[in-house]
Amino acid sequence: NSEQGHALTELRLQPGMAFGTGEHATTQLCCRAVHELLTSRLSGCPAILDYGSGSGVLAFTALLFGCKRAVGVEIDPYALKVSRANAVDNGMQDRFVAYLPSEEPSEQYDLIVANILARTLVQLEDILASRAAPEATILLSGIWGDEQVALVQKAFAEHFDEFETSWQDGWALVSAKRKMQ
């Protein structure tokens, strides 16, 4: 509401066959967490890694809230095409790049978000841990119920700590901090 001094920010997304319209509970959980982090302790974040980026909605959210650069990684070549087009539609093409996993450069990030199914998150733990800078924050979603939360936390416990869980409509977002290496 502009009367309260808040500007309404809107993204234009054409998801096509790519995941990520912003309507699903897991996407909303991730967007809220990204916003909270980028308007507090991660203000001025140099880059975010959005692993399983789909339409790019989470990467673009991070850019809207002050992240300097966003990297999307996606296994679906069509989704990469869609996310790149969405970057252009939102004037973010100079700050967003998208890669297939085999093409992604190996760098570390202060913020990582992965909104993928829980079992896939578990399989990706080594890759995601290697991309997390010391004390980086990781946001994991696509997790349904307490059993999957426990599964994900157990899989990530070797490299991460300070686990917190947020809930919406039975879906969970697990956030954690990368341990010092």
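Two residues are in contact when heavy atoms of theirs lie within 4.5 Å. Keep that in mind for this tour of a predicted model. We'll start with a residue in strand β5, L139, then look at two helices, an acidic residue without a partner, and the salt bridges, of which the structure holds 2.

**L139, a residue in β5**
- L139 sits in strand β5 and has a relative accessible area of 1%. Buried means under 20%, so L139 counts as buried.
- Setting aside neighbours within four places in sequence, L139 touches C30, A33, V34 and L37, then L111, I112, V113 and A114, and also L173, V174 and S175.
- One of those partners shows how the chain comes back on itself in space: L139 and L173 are 34 residues apart in sequence, but their C-alpha atoms are 6.7 Å apart.

**Helix α2, largely enclosed**
- Helix α2 runs over residues 57–64, and 7 of its 8 residues are buried, so the rest of the structure largely encloses it.
- The buried ones are V57, L58, A59, F60, T61, A62 and L63.
- What covers them? The cover includes helices α1 (25–38) and α3 (77–89), along with strands β1, β2 (70–73), β3 (96–99) and β4 (109–115).
- After α2 comes G66, which has a positive phi, near 110°.

**Helix α6, with two sides**
- Helix α6 covers residues 145–156, which makes 12 residues. At 1.5 Å a residue it should span 16 Å, and its end C-alpha atoms are 17 Å apart, so the two figures agree.
- Which residues of α6 are buried? They are G145, V149, V152 and F156. Looking down the helix axis, you'd find these buried residues within an arc of 75°, so they line one face of α6.
- Here's the general idea behind that: an α-helix has 3.6 residues a turn, so residues three or four places apart point the same way.
- The buried residues of α6 pack against helices α4 (118–123) and α5 (125–131), and against strands β5 (132–144), β6 (160–168) and β7 (171–178).
- Over on the other side of α6, D146, E147 and K154 are exposed.

**D50, buried without a salt bridge**
- D50 belongs to strand β1, residues 48–51.
- D50 is buried, yet has no salt bridge. How far away is the nearest side chain of opposite charge? That is R84, and it is 13 Å away.
- D50 does have a polar atom in its side chain that lies 3.2 Å from the backbone nitrogen of A59.
- A59 also turns up among the contacts of D50, which, leaving out neighbours within four places in sequence, are G56, L58, A59, V71, G72, V73 and V113.

**The salt bridges**
- E107 pairs with R69, with the closest N and O atoms 2.7 Å apart. This pair ties together distant parts of the chain, 38 residues apart: E107 is in the loop between β3 and β4, while R69 is in the loop between α2 and β2.
- Are the two partners buried or partly exposed? E107 has 25% relative accessibility and counts as partly exposed, and R69, at 31%, counts as partly exposed too.
- E104 and R131 form a salt bridge through their side chains, at 2.9 Å from N to O. They also link distant parts of the chain, 27 residues apart, with E104 in the loop between β3 and β4 and R131 in helix α5.
- Both E104 and R131 are buried.

Conventions: Residues numbered from 1 in each chain as written. Predicted model: local features only at pLDDT ≥ 70, side-chain atom pairs only at ≥ 80, totals over all residues. Heavy atoms only, no water. Helix = DSSP H or I, 4+ residues; strand = E, 2+ residues; numbered from the N terminus. Expected span 1.5 Å × (residues − 1). Buried < 20%, exposed > 50% of the residue type's maximum accessible area, 1.4 Å probe, protein only. Arc of directions from axis to C-beta. Lys, Arg positive; Asp, Glu negative; His and termini not counted. Salt bridge = Lys/Arg side-chain N within 4 Å of Asp/Glu carboxyl O. Polar contact = N/O pair within 3.5 Å; in protein donor to acceptor, adjacent residues only side chain to side chain.
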